[in-house]
Amino acid sequence: MSLAMRESNYWFPALNLIHLLGLLVAAGTIVFWDLRLLGIGLRRAPVSQVGKSLLPWTWSGFGVMFVSGSLLVVMEAGRLYFNIFFRFKVAFLILAGLNVLVFHFTVYRRVDAWDLAPKAPLQARLAGGLSLLLWFGILAMGRAIGYSLDYAA
Amino acid sequence: MTDFLTWCQSTALSQWVLSAKWQYPTVEIFHIAGLVLVFGSILVLNLRIFGRILRQQPVSEVAAGLSPLTLTGVIAQFVSGPVLFMATAKHFYESVPFRVKLLLLAVALVYHFGVHRSLAMKAQAVDRALRISAAASMLLWIGVVLAGLGIELLAG
C-alpha cells in the first residue's frame, strides 16, 4: 500500500491537507478549553460545560489527524522512525495524553467546587498551560518533520 | 512590481530568515499557531451560533469572550505572514493560491470585524440572519485556510 501511495502525486498533499484540517479542528477547540482553565476567553461559562461541548470536536479532529497521520507515517515507511522531530512529536503526544489523564483523575474530580470560578485552581491552570505548550510543540515538530524530509529527499 | 519584490527579498530581515534552515520554519510555526487561534475562535463562535456547543451560554457572551483571542491570532498572523512573504516574495507573487488567499482574507477580515462579530456580540437570540452570517463566515474562513495551505501543497 505504501508504495502505491508514494508513487501517486496526489495522495501525499491530499493526506497532508486532511491532516492539517484535522489539526485546525482538534487544536482549534482544545486551545479554548485550555485557555478557559487559565481564566482566558470563555471565562463566564462553567468549566465543565466548555469541556463537555468542545471535547467531541477535539476528538473528531484528533481522529482525523490520527488516521491521516498514521497513513503518512506508513507512506514514509522507515524514514520517520529515526527522525528526531518525529520522536519528539510522539513524546509530546504521549505527554499530552498523560496530562489529560492526570487532570481528569485528580483536580477535575472536584470540578463542582470551582466550575464557575473565572480562574481555576493552580493544578488545573498548570494542566491547561502544559496542554497549550505540548500542542504548540506537536505543531512545531510536525512542521519540522516536513522540512527534514524535504532536505533528506 | 518587480522592484518591490526584489527589494522585499533583499532586506536584512529576509536575508536573515533564509540564512539558515530553522528561521523560515519557525516563523511558519507561529503563523500556523496564529491560524489555530483565528480559525479556532471563529469555529467555536459559529458552532455556538449553530447550537452545537455551549447552548446555555448567550451568543453575545461567547462572542465577547472569544473576540480578544481572534484578535491575538490575527496580530500573530499579520506579523509572521509578511515576514514569510518577503523572504521569497517572487515565489508568492506568482502563486495563484496566494493571490486567491489574499483576496479571500481581505473579504473574510472585513466581514468578520465589520459584520459578523458585531451581529454576534449584539445578538439577543439566534435568528435566521445570524445563522446565515455564521455560515458565510465559516465558508469564507475555510476558503482562506484551503487557499493558504494550497500555496505550499500545490507548489510541488
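**Entry 1: where the chains touch**

I started with the meeting of the two chains in this predicted model. How many residues of chain B are in contact with chain A? I found 25 residues of chain B in contact with 26 residues of chain A. Next I looked up which elements of chain B supply that side, counting those that give two or more residues. They are α3 (23-49), α4 (59-87) and α7 (128-153) of chain B. Which of them gives the largest share? I noted α3(B), with 12 residues. I then sorted the side of chain B that touches chain A by class, and I got 17 nonpolar, six polar and two charged residues.

**Entry 2: one helix pair across the interface**

Since α3(B) gives the largest share of chain B's side, I picked a contact that involves this helix. Its partner here is helix α2 (residues 11-37) of chain A, and the two axes come within 8 Å. How do the two helices lie relative to each other? Their axes cross at roughly 80°. Angles of 65 to 115 degrees count as roughly perpendicular, so α2(A) and α3(B) are roughly perpendicular to each other.

I wrote down the residues that meet, for anyone who wants to find them in the structure:

- From α2(A): A:Leu24, A:Ala27, A:Gly28, A:Thr29, A:Val31 and A:Phe32.
- From α3(B): B:Val36, B:Leu37, B:Phe39, B:Gly40, B:Ser41, B:Leu43 and B:Val44.

By class, this contact of α2(A) with α3(B) holds nine nonpolar and four polar residues, and I found no charged ones.

**Entry 3: chain B by itself**

I turned to the fold of chain B and counted seven helices and zero strands. Read from the N terminus, its elements run α-α-α-α-α-α-α. The C-alpha trace spans about 55 × 25 × 25 Å along its principal axes. Chain B has 156 residues, and 34% of them are buried. I also checked how far along the sequence its contacts reach: among those between residues at least 6 apart, 80% join residues at least 24 apart.

**Entry 4: chain A by itself**

I put the same kinds of lookups to chain A. How many helices and strands does chain A have? I counted six helices and zero strands, in the pattern α-α-α-α-α-α along the sequence. Its C-alpha trace spans about 55 × 25 × 20 Å along the principal axes. Of its 153 residues, 31% count as buried. For contacts in chain A with a separation of 6 or more, residues 24 or more positions apart account for 80%.

**Entry 5: a stop at A:Pro121**

I wanted to look at one residue, so I chose A:Pro121. Where is it found? A:Pro121 sits in the loop between α5 (111-114) and α6 (122-152) of chain A. I checked its surroundings and found 15 other C-beta atoms within 10 Å of it. A buried residue needs 20 or more and an exposed one has 12 or fewer, so A:Pro121 is partly exposed. Leaving out residues up to four places away in sequence, A:Pro121 touches A:Val107 and A:Trp114. I also took the distance to A:Ser131, which is 10 residues away in sequence, and the C-alpha atoms are 16 Å apart.

**Entry 6: how confident is the prediction?**

I closed with the scores. The model has ipTM 0.92 and pTM 0.93. Chain B averages a pLDDT of 95, and 99% of the residues score at least 70. I kept one caution in the margin: where pLDDT is low, the predicted coordinates should not be read in detail.

Technical notes:
Residues numbered from 1 in each chain as written. Chains lettered and ligands numbered in written order. Predicted model: local features only at pLDDT ≥ 70, side-chain atom pairs only at ≥ 80, totals over all residues. Contact = placed C-beta atoms within 7 Å. Helix = DSSP H or I, 4+ residues; strand = E, 2+ residues; numbered from the N terminus. Nonpolar A, V, L, I, M, F, W, Y, C, P; charged D, E, K, R; others polar. pLDDT = per-residue confidence, 0-100. Axes fitted to C-alpha atoms, helices over the stretch in contact; angles between N-to-C directions. Parallel < 35°, antiparallel > 145°, perpendicular 65-115°, else oblique.
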